[in-house]
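Thanks for coming. I will take one structure today and go from the overall fold down to single residues.

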Amino acid sequence: MNTTAATATSAEQSARLKNFPVSWFAVIMGLTGLTLAWARTERTFALDVAVSPWLLGVSIAVFVILALIYSAKALRYREAVTAELVHPVKQAFVPTFSIAFILLGIATYATAPGVSLWLWAAGTLLHLILTLYVLSSWIHHSKYEIGHLNPAWFIPVVGNILVPIAGVHHAPPELSWFFFSLGLFFWPVLTAILFYRLIFHASLPERFMPTLFIFIAPPAVGFIAYHQLTHELDVFARILYYVGLFFTLLLFTQLRQFARLKFFLSWWAYSFPLAAITLATLIMAEDTGIVLYYRLATVLLAILTLVVAGLAARTLLAVARREICVEGH
């Protein structure tokens, strides 16, 4: 009996490792987003409390754990990793791994510039490779259908907009402008395609509904990156910010629909876009000095913190119940 039970347990663990999805790295995007939002808040409001170093420590620890687990999957189940790379839906989440490096590079710059450089460089190079791979896959495809399309498709190409945030400190400015231009070009292209899919075709499957929050990220991150490149709050910067703010308001009006959704790892799509618009609002507050932006940033930070705390608790519960890393989740 004991041998049978041990064999069954081993088989279950193997199956869970095989089904460990690359979308787990979206957790790092949420955690580092929260870290950056708190770090900016501490600077903007001159807070005596330092929350961000603790959050950064948690982000790094979780990243190391996830990277080790996914490396074990890659070594033992290479075909499962390859399947994610070619899957018409899961493929979009593969660059969350490179984005995690870029975000950790941004988050560590203030305290460890040397570490930041290596994280940023590794993430930037890997993300460029993945961008070229995904775009080639889109162009020379035989498998994509309109039903495969969801806002997670922003991740591979629009994720390039993140590069200049730390890139201005680590490389010549032209490199940052290259990545910014690449991401900014594909943002409206994908937005148009996605709106066509949302309006004229069936609704998104329940598990992908949280990815609608990703609509907030491109303009909000674009605003942050553009401000980092130019250090100006000009007309274009304002357009980027207000588009991001509009999408935030639009999605907040639909909270009742989101509250009914069954838990999936895709819930983490709520976190990073909220962090991006919080950071953008903090920059608006600093540059304009308008009290409304300070108050809005405070509200958004509170919401973001509660959301990430809730997501972390719900994810740990799902892990304990073995609801994650199973086929179809």
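When I say helix here, I mean a DSSP run of H or I at least four residues long, numbered from the N terminus. That matters for a statement such as this one: Ala46 is in the loop between α2 and α3. One caveat before the rest: this is a predicted model.

Start with the whole chain. By that assignment the protein has 14 helices and 0 strands. Read from the N terminus, the order is α-α-α-α-α-α-α-α-α-α-α-α-α-α. The C-alpha atoms occupy a box of roughly 70 × 45 × 45 Å along the principal axes. For 329 residues, a compact globule would be expected to have a radius of gyration near 20 Å, and the protein agrees, with 20 Å.

How much of the protein counts as buried? The figure is 53% of the 329 residues. The exposed area is about 15,400 Å², and carbon and sulfur atoms supply 70% of that. As for contacts with a separation of 6 or more, 77% come from residues 24 or more positions apart.

Now the helices, beginning with α2. This helix covers residues 26-44, and its 19 residues should span 27 Å at 1.5 Å a residue; the end C-alpha atoms are 27 Å apart, which agrees. Is α2 enclosed or open to the outside? Of its 19 residues, 17 are buried, so α2 is largely enclosed by the rest of the structure.

Just after α2 comes Ala46, with a positive phi of about 50°. Ala46 is a residue other than glycine, and its phi is positive all the same. Its relative accessibility is 61%, so Ala46 counts as exposed, the cut-off being over 50%.

There is another such case further along. His231 is not a glycine, yet it has a positive phi of about 55°. His231 sits in the loop between α10, residues 217-230, and α11. At 60% relative accessibility, His231 counts as exposed.

Back to α3, on the other side of the Ala46 loop. α3 has 25 residues and runs 36 Å from its first C-alpha to its last, close to the 36 Å expected at 1.5 Å a residue. The buried residues in α3 include Ser52, Leu55, Phe63, Tyr70 and Lys73.

Tyr70 brings me to the aromatic rings. Counting ring centres within 6.5 Å as a pair, there are 30 aromatic pairs. One of them is Phe20 with Tyr70, which is tilted: 6.4 Å centre to centre, with 50° between the planes. What does this pair tie together? Phe20 is in the loop between α1 and α2, and Tyr70 is in helix α3, so the pair joins parts that are 50 residues apart in sequence. Both Phe20 and Tyr70 are buried.

A second pair is Phe97 with Phe101, and this one is edge-to-face: 5.2 Å centre to centre, 85° between the planes. Phe97 and Phe101 both belong to helix α5, residues 96-108, and are 4 residues apart, about one turn of the helix. Their exposure falls in separate classes, with the line for buried drawn at under 20%. Phe97 has a relative accessible area of 25% and is partly exposed. Phe101 has 17% and is buried.

Which residues do the ring pairs link into a cluster? They are Phe20, Trp24, Phe25, Phe63, Tyr70, Phe97 and Phe101. Both pairs I have described therefore have their residues in that cluster.

There is also a charge over a ring to mention. The charged end of Arg207 sits over the ring of Phe208, 5.6 Å from the ring centre.

Two single residues to finish. Thr248 is in helix α11, residues 235-252. Is Thr248 buried or exposed? Its relative accessible area is 3%, so Thr248 is buried. Leaving out residues up to four places away in sequence, Thr248 touches Ile216 and Ile277.

Ser142 lies in the loop between α6, residues 113-139, and α7, residues 154-158. At 77% relative accessibility, Ser142 counts as exposed. From the C-alpha of Ser142 to that of Leu279, 137 residues apart along the chain, the separation is 40 Å.

That is what I have for today.

Technical notes:
Residues numbered from 1 in each chain as written. Predicted model: local features only at pLDDT ≥ 70, side-chain atom pairs only at ≥ 80, totals over all residues. Heavy atoms only, no water. Helix = DSSP H or I, 4+ residues; strand = E, 2+ residues; numbered from the N terminus. Expected span 1.5 Å × (residues − 1). Buried < 20%, exposed > 50% of the residue type's maximum accessible area, 1.4 Å probe, protein only. Contact = heavy atoms within 4.5 Å. Phe/Tyr/Trp six-rings, centres within 6.5 Å; stacked < 30°, edge-to-face > 60°. Lys NZ or Arg CZ within 6 Å of the ring centre and 35° of its normal. Rg over C-alpha atoms; globule rule 2.2 N^0.38 Å. Areas by Shrake-Rupley, 256 points an atom, 1.4 Å probe, with all protein chains shown as cover.
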